[in-house]
Structure formats: C-alpha cells, structure tokens
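Visitor: Could you walk me through reading a protein model, one feature at a time?

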Amino acid sequence: QLDFWREPVKPSLAVDIHVPFGSLQFVRTFLQSNGIQYHIMINNLQFSTGGSNRPAIWLDTGIHAREWITPATGLWTAKKIASAYGQDPSVTAILNKMDIFFELVTNPDGYTYTHTSNRMWRKTRSMHSGSSCVGVDPNRNWAANFGGSGSDSNPCSETYSGPFAHSESEVESIVDFILGHRNFKAMITIHSYSQMLMYPYGYTSIPVPEADELHKVAQSAVDALASLYGTKYTYGSMMSTIYPASGTTADWGYTNGIKYSFTFELRDTGRYGFILPANQIIPTAEETWLALMKIMEHVRDHPY
C-alpha cells in the first residue's frame with residue numbers, strides 16, 4: 001500500500017510516493033530491476049547533525065494499534081527535538097554526538113483499522129494460512145524467547161506471537177535496519193497504558209547484569225516525569241513490574257547488544273485506558289519528554 005503524494009499524470013512528470021517503512025526494500029528492488037530512476041527526498045524521520053553511522057537512539061510509538069496516545073506523544077516529541085536543537089543545551093549536546101531515529105506509527109495497518117473498523121484493535125493485520133483470525137501481536141513477535149511465557153500460539157489470541165519470529169513486516173523491517181546500522185545504544189518503545197517504565201527482562205525473573213544501572217536510570221526518569229504534573233509511575237524489570245512477556249521489543253534490543261532498552265506505558269492507570277481524552281495529549285507528551293531526556297542524557301554520557 002503506497003501513499004501517492006503526487007499522482008502519475010503523464011510520463012514527463014515525476015511521481016511523489018511515501019513508502020511505508022516495511023515496503024522500502026521491495027519498492028527499491030522493483031524500481032532498480034525495471035530501470036526506473038528515483039530520488040529519495042525524505043529518507044526517514046532521523047535527527048542528525050552530520051556524520052555517518054554515529055551512535056544512535058531508536059524510539060518507536062504505535063506498535064499496538066489502539067494505543068493512540070503514543071503516536072500523538074511521538075509527534076509532539078519529534079517536533080520538540082527538531083525545535084530544541086540549537087536552543088536547548090542538553091538536546092544540542094545529544095544531537096552533536098548521536099543520531100535519533102523515530103518511527104511514529106510502527107503498526108500502520110492496525111492503526112488505520114482502529115480508525116475505520118475497530119477502535120480496540122491491538123495487533124497487525126496480516127493473514128496466516130490455517131486460520132481465519134487476523135493479525136499478530138507485534139510486541140510478541142521478536143526473537144527474544146519467542147513463543148515463551150506471556151505469549152500465545154493461538155492465532156485468535158490478542159497476544160499471538162506469530163508463526164515465527166519476525167514474521168511481521170513491521171518487526172522485520174526494524175530488525176533489519178537496526179542490525180544493519182550496528183551502532184544503536186538505546187532502544188525505547190512507547191506503549192499505553194499503566195504509567196510504567198520498564199527494562200529487560202520480560203520473560204524471566206533473572207536480572208540482567210546491568211540491572212542496578214538500568215533501575216537507577218528508570219528512577220531518575222520517572223522522578224523527572226512526576227515533577228511536572230505529579231503523575232506517578234512504577235518502574236523496574238518488565239517481569240517484576242507488569243507481567244511475563246516473551247518476544248518483546250525491549251528484550252530483543254537488549255539481547256542484541258543495546259544495553260539501554262526501555263518500555264514506557266503512558267497514561268493513565270485505567271480510568272480512560274486506551275480512550276485517553278484529547279486534552280491529555282499535551283500534558284502526557286510534556287511529562288514523557290522529561291523522562292526521555294533523562295534516559296537520552298544518560299546514554300549520551302555513558303558510551304559503551
């Protein structure tokens with residue numbers, strides 16, 4: 001599914017297309033194999049001040065389709081990063097040393113479906129042979145104890161892990177990009193709801209070797225978040241803070257050498273749940289920004 005910004009009219013005019021993240025390689029191969037000239041106008045949503053293959057931070061929102069507050073927070077955050085460079089000394093220092101890659105709508109087909117058919121849809125919209133049930137939980141589809149506790153092999157389940165790890169294009173494209181880059185230092189995935197900040201692991205109670213450091217970073221982040229509107233977060237490992245979960249984004253990041261892998265669960269704690277009122281978008285984004293800055297500052301100041 002391509003988004004034509006400028007439709008084909010006649011051979012002498014260029015066509016502008018927005019290519020979804022998961023379709024990049026297919027479209028590139030198609031154009032090259034057919035001898036079609038193309039030019040990449042906007043490569044991705046990347047914040048960089050120059051250089052190549054610099055240490056990087058990954059941020060994603062909207063991996064679960066119904067969690068609308070997360071892409072809204074992501075959009076606000078992207079604008080904040082872009083406008084703060086050169087104005088805010090800490091943001092400027094981060095971007096002078098690192099790149100930030102931001103995927104705002106990580107599950108686009110599912111997100112669209114929540115707007116057109118089912119507001120509470122969680123999964124992707126892929127079809128799999130042998131079942132009439134649609135979709136995979138993209139936060140159970142990663143190769144990190146894939147298929148283990150906290151995931152389900154039933155295709156009709158909300159936590160269906162998929163037929164195999166990285167079966168979903170939404171997940172596979174991120175995996176390929178991050179492994180190809182080979183210099184990510186932080187991986188932050190933003191969900192809702194529950195007001196939590198978590199680090200690995202989600203599938204075992206055995207602490208990661210850097211648990212003490214990650215716990216202190218999380219504590220600093222939630223303290224900063226609470227300083228604005230008093231919003232209280234719990235924090236700790238995923239297993240101890242929320243529930244067992246296998247095949248998650250943060251666990252995959254950590255097991256692939258990205259030490260600073262965190263999962264946010266934004267507002268609220270259940271009064272509105274996934275139907276958070278629009279008047280809470282800006283306050284949620286503003287307080288989350290303070291927590292993100294604490295994490296990114298720590299990543300900047302503790303290279304590895």
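Guide: We'll go from the overall fold to single residues and then to a pocket, keeping in mind that this is a predicted model.

Visitor: Let's start wide. How many helices and strands are there in the protein?

Guide: Nine helices and nine strands. To judge the overall packing, set the radius of gyration beside the globule rule: the radius is 19 Å, close to the 19 Å that the rule gives for 304 residues, so the protein is as compact as a globular protein of that length. Along the principal axes, the C-alpha atoms fill a box of roughly 60 × 50 × 40 Å.

Visitor: And what share of the residues is buried?

Guide: Buried residues make up 49% of the 304. The surface that the protein exposes comes to about 14400 Å², with carbon and sulfur atoms supplying 54% of it. For contacts, look at sequence separation: among those with a separation of 6 or more, 74% are between residues 24 or more positions apart.

Visitor: Fine, now single residues. Why does Thr92 count as buried?

Guide: The cut-off for buried is under 20% relative accessible area. Thr92 has 16%, so it counts as buried. Thr92 belongs to helix H3, residues 89-97. Leaving aside neighbours within four places in sequence, its contacts are Ala84, Tyr85, Gly86 and Gln87.

Visitor: Next, peptide bonds. Where should I look for cis ones?

Guide: Read omega. The bond that joins Ser192 and Tyr193 is cis, with omega about 5 degrees. Another cis bond runs from Arg267 to Asp268, where omega is near -5 degrees. Tyr193 sits in the loop between E6 and strand E7 (196-199), while Asp268 is in the loop between E9 and helix H9 (281-301).

Visitor: Which residues does Ser192 touch beyond its sequence neighbours?

Guide: Not counting residues up to four places away, Ser192 touches Glu67, Ile69, Thr70, Glu265, Leu266, Arg267 and Phe274. So Arg267, from the other cis bond, is on the contact list of Ser192. Leu266 is 74 residues from Ser192 in sequence, yet their C-alpha atoms are 4.6 Å apart. Ser192 itself is in strand E6 and is buried, at 3% relative accessible area.

Visitor: What about backbone angles? Which non-glycine residues have a positive phi?

Guide: Ser194 is one of them, with phi near 150 degrees. Ser194 lies in the loop between E6 and E7, the loop that also holds Tyr193. Asn145 is another case: its phi is about 55 degrees, and it is not a glycine. Asn145 is found in the loop between helix H4 (108-116) and helix H5 (169-181).

Visitor: Where do those two fall on the accessibility scale?

Guide: Partly exposed covers what lies between buried, under 20%, and exposed, over 50%. Ser194 has a relative accessible area of 23%, so it is partly exposed. Asn145, at 37%, is partly exposed too.

Visitor: Last one, pockets. How much space lies in the second largest pocket?

Guide: About 240 Å³. Its lining has 20 residues, and the closest to its centre are His64, Arg122, Ile242, Tyr243 and Glu265. The elements that give two or more residues to this lining are strand E6 (184-192) and strand E9 (260-266).

Visitor: What does the lining look like by class?

Guide: For the second largest pocket, count seven nonpolar, eight polar and five charged residues. And there's a link back to our strand residue: Glu265, one of the residues closest to the pocket centre, is also among the contacts of Ser192.

Terms used
Residues numbered from 1 in each chain as written. Predicted model: local features only at pLDDT ≥ 70, side-chain atom pairs only at ≥ 80, totals over all residues. Heavy atoms only, no water. 1 Å grid on protein atoms, 1.4 Å probe; cavity = no way out; pocket = protein on both sides within 12 Å on 5 of 7 lines; lining within 4 Å. Points joined across faces, edges and corners; volume = space filled by probe spheres on them. Helix = DSSP H or I, 4+ residues; strand = E, 2+ residues; numbered from the N terminus. Nonpolar A, V, L, I, M, F, W, Y, C, P; charged D, E, K, R; others polar. Rg over C-alpha atoms; globule rule 2.2 N^0.38 Å. Buried < 20%, exposed > 50% of the residue type's maximum accessible area, 1.4 Å probe, protein only. Contact = heavy atoms within 4.5 Å. Areas by Shrake-Rupley, 256 points an atom, 1.4 Å probe, with all protein chains shown as cover.
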